[in-house]
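Visitor: I would like a close look at one part of this model, with its surroundings added piece by piece. Please start at one residue and go on from there.

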Amino acid sequence: MKVIRNSILPIGREFGAINLFGVLFAKRDMRLTPEVMNHEEIHSRQMRELLYIPFYLIYVAEWLCRLVRCRGDRYRAYLDISFEREAYRHGPDSGYLTRRKPFAQWRQ
C-alpha cells in the first residue's frame, strides 16, 4: 500500500490516517503499526470488491444513518459503520485477509 505522509489529510484531529482508493494518507506524526496497516488493507479489500465508488457511497450513507441512530455522536456513528467494525475487529489479525470471504463486512 502506498503511504503519503502529509499535514493536510485527514482533516481534523480525530483521525491520523485515511485510505482513499487504496492510498493511505497519514499525518506526519501518525504511528503506522502493523495493526493500523492491516486495518487499512482490509478497507482496501472492501473498496476493490465494491468497485471503489459504491464503497464510498455506501460508507457515507451508512454513516449518516448511524449518526441519526447515535443521536449526533459522530465518532460512535463512525465506529458503528459495518466497514469499520470489520476492520477494527480483524485489524490485529495479520492473517485475516488470507481467509476473508467476500463482503465479510455484512456477514458478521
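Guide: Start at Pro10, which sits in the loop between strand S1 (2–6) and strand S2. Keep in mind throughout that this is a predicted model. The peptide bond that joins Leu9 and Pro10 is cis, with omega at about -5°.

Follow the chain out of this loop and you come to S2, which covers residues 17–20. The side chains of S2 alternate along the strand. Ala17 and Asn19 point to one face and are buried, while Ile18 and Leu20 point to the other face and are not buried.

Beyond S2 the chain makes a hairpin, with 2 residues between S2 and S3. In this hairpin Phe21 has a positive phi near 55°. The second strand of the hairpin, S3, takes in residues 23–27 and runs antiparallel to S2, with 4 bridges between them. Two of the pairings can be named: Asn19 stands opposite Leu24, and the bridge partner of Ile18 is Phe25.

S3 also pairs with S1, this time in parallel and through 5 bridges. Here Arg5 is opposite Ala26 of S3. In S3, 4 of the 5 residues are buried, so the strand is largely enclosed by the rest of the structure.

One residue of S1 shows the pairing from the other side. Ile4 is found in S1 and touches Val23, Leu24, Phe25 and Ala26, leaving aside residues up to four places away in sequence. Ile4 counts as partly exposed because its relative accessibility is 30%, and the partly exposed class lies between 20% and 50%. From Ile4 to Leu32 there are 28 residues in sequence and 12 Å in space, C-alpha to C-alpha.

Now go back to Asn19, in strand S2. Its relative accessibility is 6%, so Asn19 counts as buried; the cut-off for that class is under 20%. What does Asn19 touch, not counting residues up to four places away in sequence? The list is Met1, Leu24, Glu40, His43, Ser44, Met47 and Tyr56. Asn19 also reaches towards the hairpin: a polar atom of its side chain lies 3.0 Å from the backbone nitrogen of Gly22.

S2 has a part in the largest pocket too. This pocket has a volume of about 820 Å³. Of the 30 residues that line the pocket, Phe15, Ala17, Tyr59, Tyr78 and Glu84 are the closest to its centre. Ala17 has already come up as one of the buried residues of S2. At least two lining residues come from each of S2, helix H1 (34–49), helix H2 (53–69), helix H3 (74–79) and helix H4 (82–90). H1 gives the most, with 6 residues. Sorted by class, the lining has 20 nonpolar, 5 polar and 5 charged residues.

The helices that line the pocket are joined by loops, and two loop residues deserve a mention. Tyr52 is in the loop between H1 and H2. Its phi is near 65°, a positive value in a residue other than glycine. With a relative accessible area of 27%, Tyr52 is partly exposed.

Arg71 is in the loop between H2 and H3. Arg71 is not a glycine either, and its phi is positive, at about 55°. Its relative accessibility is 79%, so Arg71 counts as exposed; that class begins over 50%.

The last piece is H4, which supplies lining residues to the pocket. Which residues of H4 are buried? They are Ser82, Phe83, Glu84, Glu86, Ala87 and His90. A general point about spacing helps in reading such a list. An α-helix has 3.6 residues a turn, so residues three or four places apart point the same way. The buried residues of H4 are covered by parts that include H1, H2, H3 and helix H5 (96–99). Glu84 is on the buried list of H4, and Glu84 is also among the residues closest to the centre of the pocket.

To retrace the route: the cis bond before Pro10 came first, then S2 with its alternating side chains. After that came the antiparallel pairing of S2 with S3 and the parallel pairing of S1 with S3. The pocket, with a lining that draws on S2 and four of the helices, H1, H2, H3 and H4, came after the strands.

Note on methods: Residues are numbered from 1 along each chain as its sequence is written. This is a predicted model: local features need pLDDT of at least 70, side-chain atom pairs count only at pLDDT 80 or more; totals for chains, interfaces and linings use all residues. Side-chain values use heavy atoms; hydrogens and water are left out. On a 1 Å grid over the protein atoms alone, a cavity is a set of points where a 1.4 Å probe fits but cannot get out, and a pocket is an open set with protein on both sides within 12 Å along at least five of seven lines; lining residues have an atom within 4 Å of a point. Grid points are joined across faces, edges and corners, and a volume is the space filled by probe spheres set on the points. Ala, Val, Leu, Ile, Met, Phe, Trp, Tyr, Cys and Pro count as nonpolar, Asp, Glu, Lys and Arg as charged, and the others, Gly among them, as polar. Buried means under 20% relative accessible area, exposed over 50%, partly exposed in between (1.4 Å probe, protein chains only). Two strands pair if DSSP finds at least two bridges between them. A polar contact is a pair of N or O atoms within 3.5 Å; within protein, one must be able to donate a hydrogen and the other to accept it, and residues adjacent in sequence count only if both atoms are side-chain atoms. Contact means heavy atoms within 4.5 Å.
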